[in-house]
Amino acid sequence: IKKGIGTSNAKIILIGEHAAVYGEPAIVIPITSIRLTATVVPADDQLIDSRYYTGPIKQAFKNLAGIKALIETILQRLHQPDATFKLTIDSQLPSERGMGSSAATAIAIIRAFYDYFDQPLSRHTLLALAAISEKITHGNPSGMDAATTSATAPIWFVKGQQSHDLPINTSGYLVIADSGFKGQTGPAVATVRERMDDFPQETKVFIRQLGKLAYQARQALANNALQRLGEIMSHAQVILQTLGVSNTTLDHLIFVAQKNGSLGTKLTGGGRGGCLIALAPDEATAQHLITVLKAEGATQTWLQPLAHLQQE
Ligand code: MEV
């Protein structure tokens with residue numbers, strides 16, 4: 001039986017959230033242990049089977065508008081506008097946690113259809129197609145999520161520029177923990193904007209410092225300077241907290257991680273909820289961090305060995 005398969009993975013921002021809005025660089029890391037798979041098989045209608053909706057695509061809810069438009073465009077491009085199929089989406093990604101769930105879905109769907117119809121797919125086409133559903137779902141996507149959820153190496157991201165792979169040579173483990181609350185990117189971005197309007201000089205200094213930390217983190221990743229990378233992450237957290245985008249739950253979990261062997265801990269993504277990341281020097285410390293963070297209320301945790309992040 002004919003079958004098309006496409007995969008993608010989650011992402012987190014190592015450093016540079018919020019500063020990225022003002023043109024500073026960010027380092028975004030694919031979390032290859034959290035995967036999403038899309039599968040296309042023959043069927044009598046255009047069907048979709050996902051955790052949000054199961055049934056004919058044309059009857060799908062409005063929240064699938066982005067996916068619908070994406071599939072229509074893919075089929076047109078492949079000269080198969082009336083093809084029938086069943087698309088199954090199997091995702092380990094939590095939604096609304098800043099892990100790139102919507103972009104990862106788009107990436108896997110595109111790959112699955114190109115595989116199903118046996119067509120070559122360039123990276124350029126992949127990202128251009130993903131932008132279609134991301135635009136409908138997010139309004140003004142930066143492209144950061146699509147670039148990283150389709151990659152296996154970290155990305156150096158600057159708004160408005162083509163992102164590129166970042167060579168890294170690092171041991172250590174990233175522990176990702178869900179604070180249990182939805183991230184609030186919109187309000188958090190608005191808070192920083194208000195600060196920029198009210199106190200432009202000092203706010204610009206903070207944003208520039210975050211940019212500098214991204215350059216320093218890039219250096220640390222290239223040189224396996226884990227201790228230094230941890231310090232940079234914790235420094236970024238102090239600035240993010242000062243900018244008003246952390247919250248007491250995140251602050252508490254970050255404090256606990258620091259007390260329990262993390263080399264550096266910070267929120268990741270928009271903040272005001274969502275996830276935090278902690279840097280562990282070895283697997284035993286990472287497992288210990290997972291245990292204590294869960295005991296303190298983290299609802300879900302993941303582990304990403306940095307050594308597993310390689311260029312394609
Ligand atoms: C959110 O994932 C990242 C922010 O920097 C916003 C953005 O870059 O659009 C907070």
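Visitor: How far apart do the C-alpha centres of domain 1 and domain 2 lie?

Guide: In this predicted model, the C-alpha centres of domain 1 and domain 2 lie 25 Å apart, where the domain assignment gives 4-165 as domain 1 and 173-308 as domain 2.

Visitor: How do you know which residues of domain 1 are in contact with residues of domain 2?

Guide: Two residues count as in contact if their C-beta atoms lie within 7 Å, and by that criterion 23 residues of domain 1 are in contact with 31 residues of domain 2. On the side of domain 1 that touches domain 2, the elements giving two or more residues are β1 (4-15) and β2 (26-41), and β2 gives the most, with six residues.

Visitor: What makes the residues on that side of domain 1 nonpolar, polar or charged, and how many fall in each class?

Guide: Asp, Glu, Lys and Arg count as charged, and Gly is among those that count as polar; sorted in this way, the side of domain 1 that touches domain 2 has 14 nonpolar, five polar and four charged residues.

Visitor: Which residues of the largest nonpolar core touch the most other members?

Guide: The core holds 94 residues, and those touching the most other members are Ile15, Ile109, Ile110, Val175 and Ala217. Helix α2 (residues 101-116) supplies the largest share of this core, 11 residues.

Visitor: Why is this core said to lie between domain 1 and domain 2?

Guide: Domain 1 (4-165) and domain 2 (173-308) both give residues to the core, and therefore it lies between them.

Visitor: Which residues does Ile15 touch, leaving aside those up to four places away in sequence?

Guide: Ile15 touches Ala26, Ile27, Leu213, Ala214, Ala217, Ile232, Met233 and Ala236.

Visitor: What makes a residue part of the shell around the ligand, and which residues surround the ligand?

Guide: A residue qualifies if its C-beta atom lies within 6 Å of the ligand, and those surrounding the ligand are Ile13, Glu17, His18, Ala20, Val21, Gly98, Ser142, Thr185, Val189, Gly269 and Gly270. By class, this shell has four nonpolar, six polar and one charged residues, and at least three of its residues are drawn from each of domain 1 and domain 2.

Visitor: Why is the span 68-148 called "GHMP kinase N-terminal"?

Guide: That name comes from a UniProt domain annotation in an unreviewed entry, and such annotations may be inferred rather than shown by experiment. In the model, the span 68-148 is 58% helix and 9% strand, with its end C-alpha atoms 22 Å apart. The same kind of record, also unreviewed, gives "GHMP kinase C-terminal" for residues 218-297, a span that is 59% helix and 14% strand, with end C-alpha atoms 31 Å apart.

Note on methods. Residues numbered from 1 in each chain as written. Predicted model: local features only at pLDDT ≥ 70, side-chain atom pairs only at ≥ 80, totals over all residues. Core = buried A, V, L, I, M, F, W, Y, C linked by C-beta atoms within 7 Å. Buried ≥ 20, exposed ≤ 12 C-beta atoms within 10 Å, placed from the backbone. Helix = DSSP H or I, 4+ residues; strand = E, 2+ residues; numbered from the N terminus. Domains from an automatic or database assignment.
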